[in-house]
Amino acid sequence: MIGDLSAVMPAIGSALGISKYESKIDLPATEKAVVLVVDGLGYDLLLEHYELAPYLSSLIADPLLVGVPSTTATSLTSLATGVPPGQHGLVGYTMRVPETGARLNALSWDQQVDPKSWQPYRPVLAEVNDFGVRSVGINLSKFAGSGLTQCISNGVEFVGADTPWERTEAALAFLDSTDRGLAYTYEPWLDNAGHGAGTDSKKWRETLTAIDSD
C-alpha cells in the first residue's frame, strides 16, 4: 500500500518513541530526526534525473502520494499537521475568504486573516515538545512569522538560514545540542527553478546537483 504525505510526520513521531502517533510508514526507532523537504522534486523527477543527484537517488523507496491539489502550501500543511487538505483548510494556492470574498494567496498571505483560525490543527513539530522532543523549523529568513509559517510550524522555534549549506549546518548544530530532537528544513530553490525555467533546463539541473552535493 502506498502511503501519503500526511503520514510522514506521525510516523517520525512514532519512531521517536511517542506512543500518541500511529506509524503507517516503516521507520527505525531513533532519538533524533531531520525532515528535509526539497520542494518541486517528486518521485518521477528523481528517477528521471538520478545521475544528477546520486545521494538523493540512493534514498529512493516506495513513493508517497500527495493531496489534491499538490501545490506547495497545501502539501506542506498536510505534511506538518498529518491531516488532509479538506481538514486543515489550505486547499489551494489561492482560496476565497468567506467573510470578504477576497482571494487569499497562501504563500504571501495577503489578506487580514488569522492563520491560526484558518488552519486550527497543531503541527506535529509543536506537539512533540509535549513529549520531551525538542523541535526546530529551519527556513529562509524572510519566512519568519509569515502566515504559511504559522500554519505549518506555529509554536516551534524558527531558525532563518538562506542557503542550503546554512540550513544543513543549522540542522546539525540543533541536533548536536539536544538528546532528543526533530528538525524540519525546507529547500525552495529547485521549485523556483522549475517554475521559472522548466525541469529540463540547465538551471534546474544545476540546482538539483547543488542540493544533492550540499
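User: Why is S6 called buried?

Analyst: Happy to explain, bearing in mind that this is a predicted model. S6 has a relative accessibility of 14%, and buried means under 20%, so S6 counts as buried. In sequence, S6 sits in the segment before α1 (8-15).

User: What makes the pairing of S6 and D4 a polar contact?

Analyst: The side chains of S6 and D4 are joined at 2.2 Å. The cut-off for such a pair of N or O atoms is within 3.5 Å, so this pair qualifies as a polar contact. Leaving aside neighbours within four places in sequence, S6 is also in contact with S78, G82 and V83.

User: How do you know that R180 and E31 form a salt bridge?

Analyst: Their closest N and O atoms are 3.4 Å apart, and the limit is within 4 Å, so the pair counts as a salt bridge. R180 lies in the loop between α9 (164-176) and β6 (181-187), while E31 lies in the loop between α1 and β1 (32-38), so this salt bridge ties together parts that are 149 residues apart in sequence. A search of the whole structure finds 7 salt bridges.

User: Why is R180 called partly exposed?

Analyst: Buried would need a value under 20%, and exposed one over 50%. R180 has 21% relative accessibility, so it counts as partly exposed. Its partner E31, with a relative accessible area of 44%, is partly exposed too.

User: What makes E157 and R134 a salt bridge?

Analyst: The N to O value here is 3.9 Å, and the cut-off is within 4 Å, so the side chains of E157 and R134 meet in a salt bridge. E157 lies in strand β5 (residues 157-160) and R134 in strand β4 (residues 134-139), so the pair ties together parts that are 23 residues apart in sequence. E157 has a relative accessible area of 43% and is partly exposed; R134, at 33%, counts as partly exposed as well.

User: Why are E187 and R167 called buried?

Analyst: Buried means under 20%. E187 has a relative accessible area of 3%, so it is buried, and R167, at 2%, counts as buried too. These two residues form a salt bridge, with the closest N and O atoms 2.7 Å apart. The pair links E187 in strand β6 with R167 in helix α9, 20 residues apart.

User: Which residues touch the most other members of the largest nonpolar core?

Analyst: Among its 34 residues, those are M9, I12, L90, W118, L182 and Y184. The elements giving two or more residues to this core are α1, β1, α4 (72-81), α7 (124-127), α8 (147-153) and β6. The largest share, 4 residues, comes from α4. As for W118, not counting residues up to four places away in sequence, its contacts include H88, L90, M95, W109 and V113. There is also a second, separate core of 12 residues, which includes A53, L56, L190 and I211.

User: Why are α10 and α11 called roughly antiparallel?

Analyst: Helix α10 (residues 189-197) and helix α11 (residues 202-213) pack at an angle of about 170°, with their axes 9 Å apart. Angles over 145 degrees count as roughly antiparallel, so that description fits α10 and α11. On the α10 side, the contact is made by W189, L190, A193 and G194; on the α11 side, by K203, W204, T207, L208 and I211.

Technical notes: Residues are numbered from 1 along each chain as its sequence is written. This is a predicted model: local features need pLDDT of at least 70, side-chain atom pairs count only at pLDDT 80 or more; totals for chains, interfaces and linings use all residues. Side-chain values use heavy atoms; hydrogens and water are left out. Buried means under 20% relative accessible area, exposed over 50%, partly exposed in between (1.4 Å probe, protein chains only). A polar contact is a pair of N or O atoms within 3.5 Å; within protein, one must be able to donate a hydrogen and the other to accept it, and residues adjacent in sequence count only if both atoms are side-chain atoms. Contact means heavy atoms within 4.5 Å. A nonpolar core is a set of buried Ala, Val, Leu, Ile, Met, Phe, Trp, Tyr and Cys residues joined through side-chain atoms within 4.5 Å. Axes are lines fitted to C-alpha atoms, for helices over the stretch in contact, and angles run from 0 to 180 degrees between N-to-C directions. Angles under 35 degrees count as roughly parallel, over 145 as roughly antiparallel, 65 to 115 as roughly perpendicular and the rest as oblique.
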